[in-house]
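Visitor: I'd like a close look at the salt bridges here, please. Start with the pairs themselves, and then show me what sits around them.

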Amino acid sequence: MDTAERLRAETRTVWATALCFAAGAIAGFIVLQGPPRPLTGPGSLSQPVAAIAAVIAAAAFVTSTLQHRRGETAPMPPWQSAVSHVSAVALTIVFAAVTALGVLLAGLVFGAGLHDFTAPSLGGGLIAGAAAALGGRFAYTAGIGIRTRDLSALLFGFLAIGTLFAMATAADPLWWQQNFSQLGLGTGGWAFNGTLVVAGLLFATVGSYIGRDLHRLRGDAALRGIAVVVALWAATGLALAVVGLVPIELSRVVHWIAAVGTLLLFAAAAATSAAALPGRPRALAIATIGLGVLLVAAVVLHWPVRLYSSTGLEAIAVGLGLVWMTTFVRVLAVLVPDLPRVSARATLLRG
């Protein structure tokens, strides 16, 4: 892409941001009619603004995808085209969820600092416009050409935002003395459980993009192995979604089976993904060994040393796993060409 084309793309992004602001402001002004509302709490601005911004962010991603990537799947066989379309639908849901949770968390933060602040419908509309502009710009930019490492960063950020919001709204302030699953209990548990469900969808989507990159790198000859990699990432996402869909108060056995299954499937997906890379990159090998040593040390400090609760071990394990994933997708980005690769196979496993 030359300089002139980049400037044109940036101009389109500015116009998209302005349109998102206008749409959000108008929708907010209409929805928020009535007495002034606080930033957070019952009858507040946060919930309707989050919903408006989420819808606009999803629309911005769809619009950008159609505008910049129309016809990209036309030469692909049906199975490859279907994978691309399913991933796009999943990402549309993810960007809506990320935007909504981001607005809700921002409402809590600003609500704690701006005591007794209220806004009439016009002010609420402007706040909705600002939220829609931020979420819409983010989603529109992603639709131009999102990469696997972008998805990895999005997953990390989404888990952080969702967990922080769940922590701030937890019914039991001492939940951390047990484990993260306690955040999914009670009427406010929807935040944590919903975060896990959407994160599961995002895990599966990351796996789809990893498969896309491996196909660009290795071609049709490696499709069987790539299909196993994608399937393992999808299974990891499904197991994580089950953890959110079945909180411990509903079924402790199913919840913990899904939680353990998520960890085991993640380890299997990571191992098969690393094995699919040619040349055994040194950066990935160093990261894998180092993070493995740190994980063992974390387990020892939890048991038998008892330095921290299960919550601490879970946080360390998830953090190390996401750091490994970040390293992997960055190494993958170095190796993989940017151009799409059309498969010559009419079916996924046979030519």
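Guide: Sure, with one caveat up front: this is a predicted model. Counting a side-chain nitrogen of Lys or Arg within 4 Å of a carboxyl oxygen of Asp or Glu, you end up with six salt bridges. The general idea is familiar: side chains of opposite charge can pair when their charged atoms come close.

Let's begin with Arg137 and Glu10, whose side chains meet in a salt bridge at 3.0 Å, N to O. Arg137 belongs to helix 4 and Glu10 to helix 1, so this pair ties together parts that are 127 residues apart in sequence. How accessible are the two partners, Arg137 and Glu10? Arg137 has a relative accessibility of 32%, so it counts as partly exposed. Glu10 comes out at 39% and also counts as partly exposed.

Next up is Arg69 with Glu72, where the closest N and O atoms are 3.4 Å apart. Is Arg69 buried or exposed? At 19% relative accessibility, Arg69 counts as buried, since the cut-off for that class is under 20%. Its partner Glu72 is partly exposed, with 28% relative accessible area.

Then there's Arg147, which forms a salt bridge with Asp150; here the closest N and O atoms are 3.2 Å apart. Arg147 is partly exposed at 39%, and Asp150 is partly exposed as well, at 28%.

Besides those pairs, look for a network: Glu5, Arg8 and Arg12 are linked to one another by salt bridges.

Now for the surroundings, and helix 1 is a good place to go, given that Glu10 lies there. Which residues make up the nonpolar surface patch? They are Phe21, Ile26, Phe29, Ile30, Val31, Leu122 and Leu126, covering about 680 Å². Two elements give two or more residues to this patch, namely helix 1 (3-31) and helix 4 (121-145). So helices 1 and 4 turn up again, the two that hold Glu10 and Arg137. The largest share, five residues, is from helix 1.

One of the patch residues is Val31, which lies in helix 1. With a relative accessibility of 45%, Val31 falls in the partly exposed class. Also in helix 1 you'll find Ala23, partly exposed with a relative accessible area of 35%. If you want a ruler across the model, take Ala23 and Val254: C-alpha to C-alpha they are 43 Å apart in space, with their positions 231 residues apart in sequence.

Back to helix 4, this time for its packing. Two packed helices are described by the angle between their axes and the distance between the axes. For helix 2 (residues 46-69) against helix 4, that angle is about 30° and the axes are 7 Å apart. Angles under 35 degrees count as roughly parallel, and helix 2 and helix 4 are therefore roughly parallel to each other. What hand does the crossing of helix 2 and helix 4 have? The crossing is right-handed.

Since you'll probably want to check the backbone too, there are a few spots to look at in the loops. Asp116 has a positive phi of about 65° although it is not a glycine. You'll find Asp116 in the loop between helix 3 (78-113) and strand 2 (118-119), and at 81% relative accessible area it is exposed. Arg280 is another non-glycine residue with a positive phi, near 50°. Arg280 sits in the loop between helix 8 (252-276) and helix 9, and with 63% relative accessibility it counts as exposed.

Where is the cis peptide bond? That bond runs from Trp303 to Pro304, with omega near 20°. Pro304 has its place in the loop between helix 9 (282-302) and helix 10 (310-335).

Last stop, helix 8, which holds Ala267. Ala267 is partly exposed, with a relative accessible area of 44%. Measure off a second distance from there if you like: Ala267 and Ala160 are 21 Å apart, C-alpha to C-alpha, and 107 residues apart in sequence.

Notes
Residues numbered from 1 in each chain as written. Predicted model: local features only at pLDDT ≥ 70, side-chain atom pairs only at ≥ 80, totals over all residues. Heavy atoms only, no water. Patch = residues over 30% accessible without salt bridge, like charges linked within 9 Å, V, L, I, M, F, W, Y side chains within 5 Å. Areas by Shrake-Rupley, 256 points an atom, 1.4 Å probe, with all protein chains shown as cover. Helix = DSSP H or I, 4+ residues; strand = E, 2+ residues; numbered from the N terminus. Buried < 20%, exposed > 50% of the residue type's maximum accessible area, 1.4 Å probe, protein only. Axes fitted to C-alpha atoms, helices over the stretch in contact; angles between N-to-C directions. Parallel < 35°, antiparallel > 145°, perpendicular 65-115°, else oblique. Left-handed = near helix turned anticlockwise from the far one by under 90°.
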